[in-house]
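Me: I would like to work through a protein model step by step. Please show it, and then I will ask about its parts.

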Amino acid sequence: MKRALITGITGQDGAYLAEFLANKGYQLFGTYRRSSTPNFWRLQALDILQKVTLIPSDLTDMSSLLEAVTISDPHEIYNLAAQSYVGASFYQPMLTAEVDGTGTLRFLEIIRHLKKNIKLYQASTSELYGDSINRDGRQDEETKFLPNSPYAAAKLYGYHIVKIYREAYGIFASNGILFNHESPLRGLEFVTRKITNAVGKIKSGFEKKLKLGNLESARDWGYAPEYVEAMWLILQQSKADDYVISTNETHSVQEFVEEAFAAAGMDWEKYVEVDELLKRPKDVVHLRGDNSKAKEILNWQPKVKFKKLVRISTVPTLAE
């Protein structure tokens, strides 16, 4: 039986990945940060909590990571834990660097010293690109990185240190450059979930307005359960490598708003206000991936397109 260690298992991707791997017959271990209020609701929502051995750990603490690896003795590590909110990285840049950057290095050092054939998946991000695009307007594995936030800068370090350790020490370590991916399990701090949650509350009469920042920001949005399958496929290859995972389509925040309110039968313009204070100090304007490599090598491509994604993310809030 294969054993997998998932960091950040209480998050959106961690929960969906745990469900996916459980269905593949894996023995599951997951790390989480201790807090006064347990945050296992996603695992409970997917009825997967009882199938996971939970290990308290922190990416800033080498000893706790070593303990997690020792307990789980994994064949595969999926490093999904992060300070993953771009806006917060401007307020907590040093914490973001410690968690998202050198946290990855700690795992690589553990694997190097243990000399075990552990495969490492590193959750990278489309935020690495900033405003860098190819001539056709897309971003692939060869597109130049121009990070626009402390979050992206920290993740860029993680991306490069994975490649360095792969080439210098022969460690099987791969980066998944995932573009935005959403679901009903997305955290409320992310704009898509903020939108869908507000739609449900406005529809129910609990709120009257939704305040947002930059409506023109354009993103390549996919469906999270499909993206965790890509993570698994990346580690099943005979050779470690880096892959863009995306839908190859771009839609603005305003388009997401329009579709979400339409799903509830409402006119978005009656309820949405732009608040200048919610705009980031420096924002990425346009992200659109090119998943050609993943399609060719992993035989992976998304099935859920934009309108269906928005509806999947919005309808559950209307029933709450």
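Reply: Start with a rule on exposure. Buried means under 20% relative accessible area, exposed means over 50%, and partly exposed lies in between. Keep in mind that this is a predicted model.

Me: Is Val191 buried, partly exposed or exposed?
Reply: Val191 sits in helix α7, which covers residues 191-204. Its relative accessibility is 33%. That value falls between the two cut-offs of 20% and 50%. So Val191 counts as partly exposed.

Me: How far apart are the C-alpha atoms of Val191 and Glu269?
Reply: Along the chain, Val191 and Glu269 are 78 residues apart. In space, their C-alpha atoms are separated by 17 Å.

Me: Which residues gather with Glu269 in a patch of negative charge?
Reply: The patch lies on the surface. Asp and Glu count as negative. Glu269 gathers there with Glu255, Glu258 and Asp267.

Me: Is Glu258 buried, partly exposed or exposed?
Reply: Glu258 is found in helix α9, residues 253-263. Its relative accessibility is 32%. The buried class needs a value under 20%, and the exposed class a value over 50%. Therefore Glu258 counts as partly exposed.

Me: What is the geometry of the aromatic pair of Phe145 and Tyr159?
Reply: The structure holds 12 aromatic pairs. In the pair of Phe145 and Tyr159, the ring centres are 5.0 Å apart and the planes are at 80°. Planes over 60 degrees apart count as edge-to-face. So this pair of Phe145 and Tyr159 is edge-to-face.

Me: Where in the chain are Phe145 and Tyr159?
Reply: The pair links distant parts of the chain, 14 residues apart. Phe145 is in the loop between β5 (119-125) and α6 (150-169). Tyr159 is in helix α6.

Me: Which residues form one aromatic cluster with Phe145 and Tyr159?
Reply: Both Phe145 and Tyr159 are buried. They belong to one aromatic cluster. Their partners in the cluster are Tyr129 and Phe179.

Me: What is the phi of Asp47, and is it positive or negative?
Reply: Most residues other than glycine have a negative phi. Asp47 lies in the loop between α2 (41-45) and β3 (52-56). At 52% relative accessibility, Asp47 counts as exposed. Its phi is positive, near 55°.

Me: What is the phi of Asn299?
Reply: Asn299 is in the loop between α10 (292-298) and α11 (306-319). Asn299 counts as exposed because its relative accessibility is 68%. Its phi is a positive value in a residue other than glycine, near 60°.

Me: How many salt bridges does the count come to?
Reply: Side chains of opposite charge can pair when their charged atoms come close. Here the cut-off is 4 Å, from a side-chain nitrogen of Lys or Arg to a carboxyl oxygen of Asp or Glu. By this rule, the count is 11.

Me: How many residues apart are Asp73 and Arg3?
Reply: Their side chains meet in a salt bridge, 3.2 Å from N to O. Asp73 is in the loop between α3 (62-72) and β4 (76-79), and Arg3 is in strand β1, residues 3-7. This pair links distant parts of the chain, with a separation of 70 residues.

Me: Why does the salt bridge of Asp241 and Lys293 tie together separate parts of the sequence?
Reply: Asp241 forms a salt bridge with Lys293, with the closest N and O atoms 3.0 Å apart. Asp241 lies in the loop between α8 (224-235) and β11 (243-245), and Lys293 lies in helix α10, so the parts tied together are 52 residues apart in sequence.

Me: Which residue forms a salt bridge with Glu249?
Reply: The closest N and O atoms of this bridge are 4.0 Å apart. Glu249 is in the loop between β11 and β12 (251-252), and its partner is in the loop between α10 and α11, so parts 56 residues apart in sequence are tied together. At 39% relative accessibility, the partner counts as partly exposed. It is Lys305.

Me: Is Ser89 buried or exposed?
Reply: Ser89 is in helix α4, residues 86-89. Its relative accessibility is 0%. The cut-off for the lowest class is under 20%. So Ser89 counts as buried.

How values were computed. Residues numbered from 1 in each chain as written. Heavy atoms only, no water. Patch = residues over 30% accessible without salt bridge, like charges linked within 9 Å, V, L, I, M, F, W, Y side chains within 5 Å. Areas by Shrake-Rupley, 256 points an atom, 1.4 Å probe, with all protein chains shown as cover. Charge placed at Lys NZ, Arg CZ, Asp CG, Glu CD. Helix = DSSP H or I, 4+ residues; strand = E, 2+ residues; numbered from the N terminus. Buried < 20%, exposed > 50% of the residue type's maximum accessible area, 1.4 Å probe, protein only. Phe/Tyr/Trp six-rings, centres within 6.5 Å; stacked < 30°, edge-to-face > 60°.
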